[in-house]
Amino acid sequence: MSTHTRRPRRPFVARTLVYASLVIASLVVLTPLVVVFLTSLKTPREVADGGRALSLPHDWLNLRNYATAFADGHLLTALGNTAFILAFSITGTVLIGSMTAYAVDRFDFRGKKLVMGLFLVATLVPGVTTQVATFQVVNSFGLFDTRWAPILLYMGTDILSIYIFLQFIRGIPRSLDEAARMDGANALTIYWKIIFPLLKPAVATVVIVKGITVYNDFYIPFLYMPSEGLGTMSTALFRFKGPFGAHWEDISAGTVLVILPTLAVFLFLQRYIYNGFARGATK
């Protein structure tokens with residue numbers, strides 16, 4: 001007589017509800033993107049005629065709206081400004097975040113728990129409530145209306161990046177530090193030669209998450225860089241709406257051009273995000 005017991009199958013109703021919820025969530029997320037994409041391929045007459053938002057364009061190769069958005073929206077200049085800000089902001093975040101996590105994990109000092117508590121409290125304070133003081137500080141440094149203003153603000157390390165680096169550093173044996181100290185290495189050498197090279201998965205995760213956040217941010221570039229020549233991808237799209245307020249086909253084309261870089265990067269590197277969080281959680 002077989003002692004093998006068959007595992008109970010999941011109820012059909014529960015499985016159906018799971019898939020139905022996933023389909024509904026996908027439709028909620030994808031429908032606006034599909035509408036924007038279809039509108040970007042339509043002619044002004046097709047948009048003016050009204051009709052359904054999901055109606056198909058007559059010409060699927062109509063790229064005139066994209067040419068108008070790219071040229072008149074100054075998206076090339078905006079892309080250069082965004083890339084400049086991203087490069088310095090992400091580099092600063094990685095260095096400051098990894099150094100902070102290294103100091104918190106490897107060194108015992110008075111007020112260690114207080115420091116981590118203050119980091120947590122800082123994340124709970126709404127950023128809008130401190131913007132007056134922040135603006136005065138940035139302006140006193142003479143950084144207002146320069147690309148260095150958002151860079152300085154973005155380089156302030158958030159608790160998420162510290163947490164990610166901290167989880168990975170806790171998984172690195174302290175014996176490596178002790179062996180390096182016996183060879184005469186100081187704390188900075190240990191960090192740069194031993195710890196930092198082992199943080200590649202964490203660095204990849206922080207770079208992607210921080211990069212997408214900075215790329216999509218509108219408030220800080222709009223407030224601290226009002227000049228049109230200093231526009232980022234988000235503010236350039238906002239200013240593009242001014243002269244083309246009634247031309248939704250051009251605005252939709254500009255929106256697609258702004259979305260494409262982050263969409264391509266996320267789809268290509270999404271496994272690093274999930275693996276980074278998963279590995280960090282199990283350290």
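In this predicted model, the largest nonpolar core takes in 37 residues, and the ones that touch the most other members are Val-94, Phe-165, Ile-195 and Leu-199. Several helices chip in: H4, helix H7 (148–154), helix H8 (159–170), helix H10 (187–195), H11, helix H12 (219–224) and helix H13 (233–240) each give two or more residues to this core. The biggest share comes from H4, which hands over nine residues. A second, separate core is made of seven residues, with Leu-41, Ala-69, Ile-251 and Ala-253 among them. As general background, nonpolar side chains tend to be buried together in soluble globular proteins.

Leu-199 gives a feel for how the main core is put together. Setting aside neighbours within four places in sequence, Leu-199 is in contact with Ser-98, Phe-165, Phe-168, Ile-169 and Ile-172. Phe-165 thus turns up twice, as a contact of Leu-199 and as one of the core members that touch the most others.

Stepping back to the whole chain, the picture is helical: there are 14 helices and zero strands. Read from the N terminus on, the elements run α-α-α-α-α-α-α-α-α-α-α-α-α-α. The chain has 283 residues, and buried ones make up 32% of them. Of the contacts between residues at least 6 apart in sequence, 72% join residues at least 24 apart. The accessible surface adds up to about 17,600 Å², and carbon and sulfur atoms account for 69% of that.

Next come the empty spaces. The structure holds one cavity of 30 Å³ or more, and the largest cavity has about 40 Å³ of space. Its lining is made up of Thr-82, Ile-85, Tyr-154, Val-214, Pro-221 and Thr-232. Sorted by class, that lining has four nonpolar residues, two polar ones and no charged ones.

The second largest pocket offers about 190 Å³ of space. It is lined by 14 residues, of which Leu-86, Gly-211, Ile-212, Tyr-215 and Val-265 are the closest to its centre. Helix H4 (75–106), helix H11 (200–216) and helix H14 (248–282) each supply at least two residues of this lining. By class, the pocket lining splits into 11 nonpolar residues, three polar ones and no charged ones.

A few polar and charged residues deserve a look of their own. Lys-210 sits in helix H11. Lys-210 counts as buried because its relative accessibility is 11%, under the 20% cut-off. Beyond neighbours within four places in sequence, Lys-210 is in contact with Ile-90, Thr-93, Tyr-154, Gly-156 and Asp-158. Two of these names lead elsewhere in the structure: Tyr-154 also helps line the largest cavity, while Asp-158 is found in the loop between H7 and H8. Asp-158 is partly exposed, with a relative accessible area of 26%. Between the C-alpha atoms of Asp-158 and Leu-120 there are 9.0 Å, although the two are 38 residues apart in sequence.

Asp-177, placed in helix H9 (residues 174–182), is another buried charged residue, with a relative accessibility of 2%. Setting aside neighbours within four places in sequence, Asp-177 is in contact with Tyr-102, Arg-106, Ile-190 and Ile-195. Ile-195 ties Asp-177 to the largest core, being one of the residues there that touch the most other members. Next to this, the C-alpha atoms of Asp-177 and Ile-194 are separated by 7.9 Å, with their positions 17 residues apart along the chain.

Thr-100 lies in helix H4, the element that gives the most to the largest core. With a relative accessible area of 19%, Thr-100 is buried, since the cut-off for buried is under 20%. Apart from neighbours within four places in sequence, Thr-100 is in contact with Phe-119 and Ile-162.

Finally, Asp-145 stands out for its backbone: it has a positive phi of about 65 degrees although it is not a glycine. Asp-145 is found in the loop between helix H6 (131–140) and H7. At 24% relative accessibility, Asp-145 counts as partly exposed.

Note on methods
Residues numbered from 1 in each chain as written. Predicted model: local features only at pLDDT ≥ 70, side-chain atom pairs only at ≥ 80, totals over all residues. Heavy atoms only, no water. 1 Å grid on protein atoms, 1.4 Å probe; cavity = no way out; pocket = protein on both sides within 12 Å on 5 of 7 lines; lining within 4 Å. Points joined across faces, edges and corners; volume = space filled by probe spheres on them. Nonpolar A, V, L, I, M, F, W, Y, C, P; charged D, E, K, R; others polar. Helix = DSSP H or I, 4+ residues; strand = E, 2+ residues; numbered from the N terminus. Buried < 20%, exposed > 50% of the residue type's maximum accessible area, 1.4 Å probe, protein only. Contact = heavy atoms within 4.5 Å. Core = buried A, V, L, I, M, F, W, Y, C linked by side-chain atoms within 4.5 Å. Areas by Shrake-Rupley, 256 points an atom, 1.4 Å probe, with all protein chains shown as cover.
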